[in-house]
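Please open the model in your viewer and keep the sequence panel beside it, since this tour moves from the whole chain to single residues.

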Amino acid sequence: MNAIEQKVFTHVEPIAKDNDLKLVEVNYVKEGPDFFLRIFLDKKGGITLDDCAAFAEIISAELDEWDIVEGAYYLDVSSPGAERPIKDEEDLELTLNKGIYVKAYKQIDGEKEWTGILTAYDENSVTIDYKVKTRKKTITVEREKIATIRKAVLF
């Protein structure tokens, strides 16, 4: 995270919390001749377009007042996506009883990847219910063995 992104994150996070939202990420990038400040939000039950629009309204004036970003830029407030990486405990809580994808560094009981339902987690592990062909299985994977963990859309 660059200095601008860190400052924006620090200022915006408490406002997001006050509005029952989770600030997931801040990106400040140049694309062509334009600069974009992107704020990614989530919440329990999922973020909506109305949530993003309302938060953009709230934060726009604040960003101007803080004067963190010099010059003109486009403000984009949106969802981080349906299959975004899980970064912290709050993300795990938001994903509990929902779809998750986990990939381990090495095979565990003959498998290295699982897509299923996150049924439990603690500071050391995550537990996933998943299917292999027609059989339902459960695995608990130690967090130190996880290479990738993200939300998953299940069909």
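How much area does the chain expose, and what share of it do carbon and sulfur atoms supply? With the surface of this predicted model switched on, you are looking at about 9500 Å² of exposed area, of which carbon and sulfur atoms supply 48%. While the whole chain is still selected, note that its C-alpha trace spans about 55 × 30 × 25 Å along the principal axes, and that 36% of its 155 residues count as buried. If you colour the charged side chains, you will find 22 positive and 31 negative ones, with the centres of the two sets lying 11 Å apart.

Now change to a cartoon view and follow the chain from its beginning. You should pass 3 helices and 8 strands, arranged along the sequence in the pattern α-β-β-α-β-α-β-β-β-β-β. Among the contacts with a separation of 6 or more, 50% are made by residues 24 or more positions apart.

Next, select residues 99-108, 111-121, 125-132, 135-142 and 146-151 together. These 5 strands form an open sheet in the order 7-6-5-4-8, with antiparallel pairing. Strand 7 and strand 8 are the edge strands, each pairing on one side only, and the twist from one strand to the next averages 35°. As background for the steps that follow, strands of a sheet pair through backbone hydrogen bonds, either parallel or antiparallel.

Keep strand 4 and strand 5 in view, where 6 bridges join the two antiparallel strands. To see how they are aligned, pick V102, whose bridge partner in strand 5 is W114, and then G99, whose bridge partner in strand 5 is I117. At the turn of this hairpin there are 2 residues between the strands, and D109 takes a positive phi near 50°.

Move on to strand 6, which runs antiparallel to strand 5 and is joined to strand 5 by 5 bridges. The hairpin that strand 5 and strand 6 form has 3 residues between them. Selecting G116 leads you to Y130, its bridge partner in strand 6.

Stay on Y130 and look towards strand 7, where K137 is the bridge partner of Y130. Strand 6 and strand 7 run antiparallel and are joined by 8 bridges. Their hairpin has 2 residues between the strands, and within this hairpin K133 takes a positive phi near 55°.

For the last stop, select S125, which has its place in strand 6. Is S125 buried or exposed? S125 counts as buried because its relative accessibility is 12%, and the cut-off for that class is under 20%. To see which residues S125 touches, display T140, V141, E142 and R143, a list that does not count residues up to four places away in sequence. Of these neighbours, T140, V141 and E142 can be found by selecting strand 7, which covers 135-142.

Methods: Residues are numbered from 1 along each chain as its sequence is written. This is a predicted model: local features need pLDDT of at least 70, side-chain atom pairs count only at pLDDT 80 or more; totals for chains, interfaces and linings use all residues. Side-chain values use heavy atoms; hydrogens and water are left out. Two strands pair if DSSP finds at least two bridges between them. Helices (H or I, at least four residues) and strands (E, at least two) are DSSP runs, numbered from the N terminus. Axes are lines fitted to C-alpha atoms, for helices over the stretch in contact, and angles run from 0 to 180 degrees between N-to-C directions. Buried means under 20% relative accessible area, exposed over 50%, partly exposed in between (1.4 Å probe, protein chains only). Contact means heavy atoms within 4.5 Å. Accessible areas come from the Shrake-Rupley method with a 1.4 Å probe; for residues, only the protein chains shown count as cover. Lys and Arg count as positive and Asp and Glu as negative; His and the chain ends are not counted. The place of a charge is taken as NZ of Lys, CZ of Arg, CG of Asp or CD of Glu.
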